[in-house]
Structure formats: structure tokens, C-alpha cells
Amino acid sequence: MKHDLENMARWLKTEMETRKPHLDPVGVVSRVASVLLLFLPGPEEPELVFEVRSNTLNWQPGEISFPGGSRESADRNFAEAAVREAMEELGVRPVDIRLCGTLDFFSAHNTFMIYPFVGVWQPGQEGCRLDPSNRGETADRLLVSAPDYRQWHFNRDEVAELFTVPLRHLLAQEPRVATSVVTMTHLDDFPYDLMPQTPKDWSRVRKYPIYFYTYQGRVIWGITASILHGFLERFRKGLVDFA
């Protein structure tokens, strides 16, 4: 019985199906979150929404970010977490958010793993009205009356302000780039007696770029700017047709 691999496999399968995986505390990643790059219909072109974080928050108060946050137990996946967080922070209905897809996962130097998604805001039929000059037209002539994002009832406990940046401005801007480094080294408790091949002055340095975008006196930087930069560079050739 001790060597019954088939029964052990069944037992392991049952145990694993009833347990939700968690982040291993020994690993580099300590937190996983989703964010949403949400485009709105602007006066002339699509505009990307950003939020200014509340000054009362413990983490990055007053900084600019995309809506997002940690996945909760009720979220079926990270995409659903991104939409739920957008609903809670921006005050929009999930049914009015059309997801387009996911971007590359982003591993931040501060031990965050970010799952970025892109979507567009398309309010449902409740926001429609008939064009008064064509009351005899059929339903396909309905015009969508989209309320201004400044009228959204966003969560003021987390969000101090919302603003949008036109797609054309984002594509035209060359961000400023700075360089930071992360250094990894061993402390005094490292067992060099067990690893004699490891030099006692061992260290590893990783350089990474920090991007800075500006718009009307605001500075978008850090993880938000890195995700934005990756999105713009990947889809730039196609996005110019919509700006």
C-alpha cells in the first residue's frame, strides 16, 4: 500500500481540488493585482481614464494609477477582479465595460505581480434617447447619451479625482526615462560552508527603466507608466488610426 502510486495520485488530486492556491511567502511576489486600462468616448477621439489616489490611503497616496486592486474570493478570474475594482472605484456598471483583452503580465520590483486588462466604456441601452428630429425612425437610430465621467459617483475614500488623457497625446509623447537598480546580496547568515562555490562578495544588480508621462501638469510614472508604455509600444501602429 505504501507504494501504491495510483491511490496517492487520487488523494493528491482530491486535496488539491479543495484547496485554493496562495502565494508562497518565500517567493519574490508578495501580492497579485489586476488593473484596467479603460478607454472612454472623448469629444474627438478615445481617451484613457486615470485616477488620482486619495491622500488618506496608506499606499501611494496622491499618486496617479489605473483602477484596480487585489483579486477577491468571489472573483472568478483576474479579468473579473479588474472589472469589479473599476466598478467600486469609478462608480460604473460592470455591464457597461467591454473587455478587449489582456496585456503582458507585469512583475514590479516591489514584489507586485500585475495583470493588466484593456477595455472600453460602452453604456447600455438605459442611456439611450430618441433623436427628436427623427421620431419615426426605428430602434437602430437610437443615440447614446453618455454621461460625462466627471459625473460618475466614484469612491472618494480611494479616489481623489478622475481625469482622462486623449489617445493622440499619449501616442505623440516621448516619455522621459530614468534608470533605477535593484541589488540582491546575501546576508551574514548565508551558509557559505554548504555552498563553497559561492563568492562571499556575491551580489546581483538589475537595472530597469522608469517612465514619466506628463499631461496638463500631472505626472504619470511608476508601475502605471510602465504598463502604459508597454501598451502603447505594442499597439502603436494600429492605434494611430483611432487618434
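This report covers a predicted model: one three-stranded sheet, the pairings of strand E2, and a nonpolar surface patch.

## Basis

Residues are numbered from 1 along each chain as its sequence is written. Because the model is predicted, local features need pLDDT of at least 70, side-chain atom pairs count only at pLDDT 80 or more, and totals for chains, interfaces and linings use all residues; side-chain values use heavy atoms, with hydrogens and water left out.

## The open sheet E11-E12-E13

An open sheet of 3 strands runs in the order E11-E12-E13, with antiparallel pairing. Strands E11 (176-185) and E13 (218-221) are the edges. Each has a single partner strand, so one side of each lacks a neighbour in the sheet. Neighbouring strands are turned by 30° against each other on average, direction ignored. Strands are DSSP runs (E, at least two residues), as are helices (H or I, at least four), numbered from the N terminus. Two strands pair if DSSP finds at least two bridges between them.

Strand E12 (residues 203-215) pairs with E13 over 4 bridges, in the antiparallel sense. Tyrosine 213 stands opposite isoleucine 220 in E13. Helix H4 (residues 222-239) packs on this sheet and touches E12 and E13. Contact here means heavy atoms within 4.5 Å. The direction of H4 makes about 80° with that of E12. Axes are lines fitted to C-alpha atoms, for helices over the stretch in contact; angles run from 0 to 180 degrees between N-to-C directions.

## Strand E2 and its partners

Strand E2 (residues 46-53) is largely enclosed by the rest of the structure, because 7 of its 8 residues are buried (under 20% relative accessible area).

E2 pairs antiparallel with strand E1 (residues 31-41) over 3 bridges. A hairpin of 4 residues joins E1 to E2. Proline 41 stands opposite proline 46 in E2. Strand E10 (residues 159-166) pairs with E2 over 7 bridges, again antiparallel. There, glutamate 47 faces proline 166 in E10. Strand E3 (residues 64-65) adds an antiparallel pairing with E2 over 2 bridges. Valine 52 has isoleucine 64 in E3 as its bridge partner.

## A nonpolar surface patch

Leu5, Met8, Trp11, Leu12 and Met16 make a nonpolar surface patch of about 570 Å². Patch residues have over 30% relative accessible area and no salt bridge (side-chain nitrogen of Lys or Arg within 4 Å of a carboxyl oxygen of Asp or Glu). Nonpolar side chains are joined within 5 Å, like charges within 9 Å. Areas come from the Shrake-Rupley method with a 1.4 Å probe.

Leucine 5 lies in helix H1 (residues 5-17). Leucine 5 counts as exposed (over 50%) because its relative accessibility is 59%.

Key. Buried means under 20% relative accessible area, exposed over 50%, partly exposed in between (1.4 Å probe, protein chains only).
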